[in-house]
Amino acid sequence: MNYSNATSSERRLWGVSMIVAPLLFFVSTFYWERGEYTVVGGTLLVVATAFWIPALLGLFSLLKDKLPNYASWGLLIAICGCISGSNFGMRGIYANVFGISKETLLREAAIHSVSFNITLFMSGPLFPLSLLVLGINFLRKKVVPGWVGYLICLGAIAFPASRISRIELIAHIADALLLIPIAYIGWQLLAKRYVADQSTLAVKT
């Protein structure tokens with residue numbers, strides 16, 4: 001994994017975010033009720049999004065040298081999908097706080113179909129699709145261990161299946177499949193930063 005062009009602050013932020021973002025995703029589905037996000041689950045999802053954006057910056061940076069165009073435009077598409085995830089979290093918060101039923105939400109969404117498609121229904125699949133393409137490119141360019149790329153691909157495939165079916169067990173499995181490889185990259189990034197800092201310190205002393 002090559003992050004030679006990144007500053008130590010960037011590497012630290014990316015590494016922490018790669019651990020925190022998928023971890024909060026994983027925890028959030030434990031707060032589902034009848035397949036819908038509660039206030040707590042929605043809040044965790046929104047907070048996770050704040051960490052997903054720098055996490056994605058770090059992940060796509062791994063392909064910056066080998067696939068520069070994809071690393072730039074693919075990142076934009078992934079962030080759009082990520083923001084949609086945050087919108088689903090906010091939907092869960094407001095629906096629970098104000099007592100808005102699922103039927104009411106769907107009825108009003110049909111009336112305002114353009115806005116809801118842009119912010120939720122059509123943009124939502126961009127997140128797992130982006131992770132799937134990212135995992136494939138990781139495998140093609142061999143920038144991470146093979147098992148990391150495969151697990152990201154499996155998690156990206158399982159993610160929409162879990163959200164469509166609203167089956168909690170599938171959601172937990174999908175989230176775990178993303179958590180393990182992405183947190184591994186984050187941990188490796190933090191560990192390498194620590195070693196580099198120690199080497200610098202040793203030279204100075």
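Helices, here runs of H or I of at least four residues, and strands, runs of E of at least two, are taken from DSSP and numbered from the N terminus. With that convention, Arg166 belongs to the loop that joins helix 7 to helix 8.

**Confidence of the model**

The structure is a predicted model, and its confidence is best considered before any contact is discussed. The mean pLDDT of the chain is 89, and 92% of the residues reach a score of at least 70. Element by element, helix 6 (residues 126-141) has the highest mean, 96, whereas helix 8 (residues 168-204) has the lowest, 76. In residues 194-205 the pLDDT falls below 50, and this stretch makes one contact in the model beyond near neighbours in sequence. Where pLDDT is low, the predicted coordinates should not be read in detail.

**The nonpolar core**

The largest nonpolar core is made up of 40 residues, and Met18, Trp52, Leu56, Phe138 and Ile185 are those with the most contacts inside it. At least two residues of this core come from each of helix 1, helix 2 (39-61), helix 3 (68-97), helix 6, helix 7 (146-165) and helix 8. The greatest contribution is that of helix 2, which provides eight residues.

The surroundings of Met18 show which parts of the chain meet around one of these residues. When residues up to four places away in sequence are left out, Met18 touches Tyr3, Ala55, Gly58, Leu59, Ile182, Ala183, Ile185, Gly186 and Leu189.

**Ser17 and Pro54**

Ser17 is located in helix 1 (residues 8-28), and its side chain comes to 2.8 Å from the backbone oxygen of Leu13. Ser17 is classed as buried because its relative accessibility is 1%, under the 20% limit for that class. Apart from neighbours within four places in sequence, the contacts of Ser17 are with Pro22, Phe51, Pro54 and Ala55.

Pro54, a residue of helix 2, shows the contact from the other side: with residues up to four places away in sequence set aside, Pro54 touches Leu13, Trp14 and Ser17. Pro54 and Glu10 are 44 residues apart in sequence, yet their C-alpha atoms are 8.7 Å apart in space.

**Aromatic rings and a charge over a ring**

Across the whole structure, twelve aromatic pairs are found. One of them joins Trp32 and Tyr37 edge-to-face, with 5.7 Å between the centres and 90° between the planes. An edge-to-face pair is also formed by Phe88 and Phe121, with centres 6.5 Å apart and an angle of 65° between the planes. Because Phe88 belongs to helix 3 and Phe121 to helix 5 (residues 113-121), this pair ties together parts that lie 33 residues apart in sequence. In addition, Phe25, Trp52, Phe127 and Phe159 are linked into a cluster by ring pairs.

Trp32 also has a charged partner, since Arg166 sits over the face of the Trp32 ring at 5.5 Å from the ring centre. The backbone of Arg166 deserves a note as well, as its phi is positive, near 60°, in a residue other than glycine.

**Loop residues**

Arg34 likewise has a positive phi, of about 55°, although Arg34 is not a glycine; Arg34 is placed in the loop between strand 1 (32-33) and strand 2 (36-37). Met122 is part of the loop between helix 5 and helix 6. The C-alpha atoms of Met122 and Ser84 are separated by 8.9 Å, while the two residues are 38 apart along the chain.

**Accessibility of the residues discussed**

The table gathers the relative accessible area of residues named above.

| Residue | Relative accessible area | Class |
|---|---|---|
| Ser17 | 1% | buried |
| Trp32 | 5% | buried |
| Tyr37 | 9% | buried |
| Pro54 | 10% | buried |
| Arg166 | 23% | partly exposed |
| Phe121 | 34% | partly exposed |
| Met122 | 61% | exposed |
| Arg34 | 77% | exposed |

Read with the ring geometry, these values show that Trp32 is buried at 5% and that its edge-to-face partner Tyr37 is buried at 9%, whereas Arg166, over the face of Trp32, is partly exposed at 23%. In the loop between the two strands, Arg34 counts as exposed because its relative accessible area is 77%, over the 50% limit for that class.

How values were computed:
Residues numbered from 1 in each chain as written. Predicted model: local features only at pLDDT ≥ 70, side-chain atom pairs only at ≥ 80, totals over all residues. Heavy atoms only, no water. Buried < 20%, exposed > 50% of the residue type's maximum accessible area, 1.4 Å probe, protein only. Polar contact = N/O pair within 3.5 Å; in protein donor to acceptor, adjacent residues only side chain to side chain. Contact = heavy atoms within 4.5 Å. pLDDT = per-residue confidence, 0-100. Core = buried A, V, L, I, M, F, W, Y, C linked by side-chain atoms within 4.5 Å. Phe/Tyr/Trp six-rings, centres within 6.5 Å; stacked < 30°, edge-to-face > 60°. Lys NZ or Arg CZ within 6 Å of the ring centre and 35° of its normal.
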